[in-house]
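Thanks for coming, everyone. I have one structure to walk you through today, so let's put it on the screen.

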Amino acid sequence: MILKISGRNVIRFLHTHNNRFKTNATPIQSLLNANCRVTVTTRNMVTLIVATTSDPASINPAAALLAMPGWTAGPTLPPDIKSFTNKQARVIQHDGSIVKEDDLDLRWEEATGEVIDEVIFLSRHTAVSNRPALTVHPIGVLHLKDGESPPQGGKPGWAALPNPRIGPWFRLLKKMAEAHGLVPEFEITLEATHHGPITNKPTMFLEIGSTEEYWKRQDAAQVMALLMWEGLGLGGGDAVGNWNSETGKRKVLLGIGGGHYAPRHMDIVLKEDIWVGHLLSGYSLPMEEPTQTKPNPGENQIGGNWRQSIKAAFEATKAAFPGGEILAHVDQKSFKGWQRKPITEFLAEESINVGKPNDFT
């Protein structure tokens, strides 16, 4: 028989179909023993950039990016989503909620035959402070239990693969914002993992906040467009933030605890060559005090969905950084004494290494 599969999916195929050929054989041996021939083909690996026309902080950066050289009209994604192409980048524009239009990566692959390598969403940011901000963050709804309804897309207990560009692009965004005079008016910040939509490939959000006045700021939109233009190497330079475990530093920060804007984690990420996985703020680690639960003998006495959150965040981060050294950075000061001990014990049980700030240098 002849099997025709893409190079990126060879290993996945081998493991998936191992039991179809020979028991207790390795996947490669099984294929050899089955006397089959594998034809490896290469399909386009592309970056999917998603914008919605319902949000000026989303469509304005997309429009600024599309005003740069090299873009052509692409295929229409059902039901009526326009697209534009430039080298390995694909921009799509829909009219719905940016956090609730699920599986756009898989829908693009099905419609075009191309393979999505990563997804970048453009969106507005809201905050109680109303402070102007440019933000970068991973997505997921890790803390909710099955049956609970996520208010901003996603699904309970789910964590998207974090885009490896988050750390390098955050540092690049800060430099660009300073160079274009947006600082100190705009705060340049990471955000903790939150909201949807559901994706299957490494994902991040780029956001402009925090009120309608700033969502419409063309200078902010232009900086976000330049971030994508230079970060993806569309202007001819080297792309920024391509993960390669064979070169450079391999340490990846998994943030645990702290506020929504992850200040103590961000202090580390501002250093060069630091990679960023999921960032779990305190609200993503729901913990019930010992007096509120009645554990069975020998069980950890702290109830709540915090274990699920940590495990899902770690597994997604590990998958997004193959060959990377994942280090949990725990914001110790954000936890009370009864919280710190079980978190530390759980990390040890799950063989998740803990790193202090100096461990990331």
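Start with the whole chain. The protein has 361 residues, and 52% of them count as buried. Keep in mind that this is a predicted model. Its secondary structure comes to 10 helices and 15 strands. The accessible surface is about 16,800 Å², and carbon and sulfur atoms account for 49% of that. Now look at contacts between residues at least 6 apart in sequence. Of these, 76% join residues at least 24 apart.

Next, the sheet. Which strands build it, and in what order? 8 strands form an open sheet, and the order is 4-5-6-3-7-12-8-11. The pairing is mixed. At the edges sit strand 4, residues 72-73, and strand 11, residues 187-190. Each of those pairs on one side only.

Go to the middle of that order. Strand 3 covers residues 45-52 and strand 7 covers residues 115-126. The two run parallel, joined by 6 bridges. To find the register, take M45: its bridge partner in strand 7 is V115.

Now the helices on this sheet. Helix 4 lies across strands 3, 5, 6 and 7. Against strand 7 it runs at about 140°. Helix 5, residues 166-179, lies across strands 7, 8, 11 and 12. Its angle to strand 11 is about 175°.

On to the packing. In soluble globular proteins, nonpolar side chains tend to be buried together. Here the largest nonpolar core has 51 residues. Which residues have the most contacts inside it? They are L65, W71, L134 and L206. Helix 7, residues 218-231, gives the most to this core, with 8 residues. There is also a second, separate core of 27 residues. Among its members are L142, I310, F321 and F346.

Stay with W71 for a moment. Set aside its neighbours within four places in sequence. W71 then contacts L65, L66, F84, T85, N86, A89, V91, W229 and L234.

Let's move along the chain to another strand pair. Strand 13, residues 251-256, and strand 15 pair in the parallel sense over 6 bridges. One anchor for your eye is K251, whose bridge partner in strand 15 is E325. Is strand 15 mostly covered or mostly open? Mostly covered: 5 of its 6 residues, in the run 325-330, are buried.

Now the aromatics. The whole structure holds 6 aromatic pairs. Take W243 and W275. Their ring centres are 5.0 Å apart and their planes stand at 90°, so this pair is edge-to-face. W243 lies in the loop between helix 7 and strand 13, while W275 is in strand 14, so the pair ties together parts 32 residues apart in sequence. Both tryptophans, W243 and W275, are buried.

W275 has another partner, F321. That pair is edge-to-face too, at 6.2 Å centre to centre with 65° between the planes. F321 sits in the loop between helix 9 and strand 15, 46 residues from W275 in sequence. F321 is buried, as is W275. Put together, ring pairs link W243, W275 and F321 into a cluster.

Last, some backbone details to check on your own screens. Where are the cis peptide bonds I want you to see? One joins G196 and P197, with omega about 10°. P197 is in the loop between strand 11 and strand 12. Another runs from G209 to S210, with omega near 10°. S210 is in strand 12.

Then there is phi. D103 is not a glycine, yet its phi is positive, about 55°. It lies in the loop between strand 6 and helix 4. D103 is partly exposed, with a relative accessible area of 28%. D273 also has a positive phi, near 65°, and is a residue other than glycine. D273 lies in the loop between helix 8 and strand 14. Its relative accessible area is 42%, so D273 counts as partly exposed.

One more stop, S97. This serine is in the loop between strand 6 and helix 4. S97 is partly exposed, at 34% relative accessible area. How far is S97 from T53 in space? The answer is 9.3 Å, C-alpha to C-alpha, with their positions 44 residues apart in sequence.

That's my tour. Over to you.

Methods. Residues numbered from 1 in each chain as written. Predicted model: local features only at pLDDT ≥ 70, side-chain atom pairs only at ≥ 80, totals over all residues. Heavy atoms only, no water. Core = buried A, V, L, I, M, F, W, Y, C linked by side-chain atoms within 4.5 Å. Buried < 20%, exposed > 50% of the residue type's maximum accessible area, 1.4 Å probe, protein only. Helix = DSSP H or I, 4+ residues; strand = E, 2+ residues; numbered from the N terminus. Contact = heavy atoms within 4.5 Å. Areas by Shrake-Rupley, 256 points an atom, 1.4 Å probe, with all protein chains shown as cover. Pairing = 2+ DSSP bridges. Axes fitted to C-alpha atoms, helices over the stretch in contact; angles between N-to-C directions. Phe/Tyr/Trp six-rings, centres within 6.5 Å; stacked < 30°, edge-to-face > 60°.
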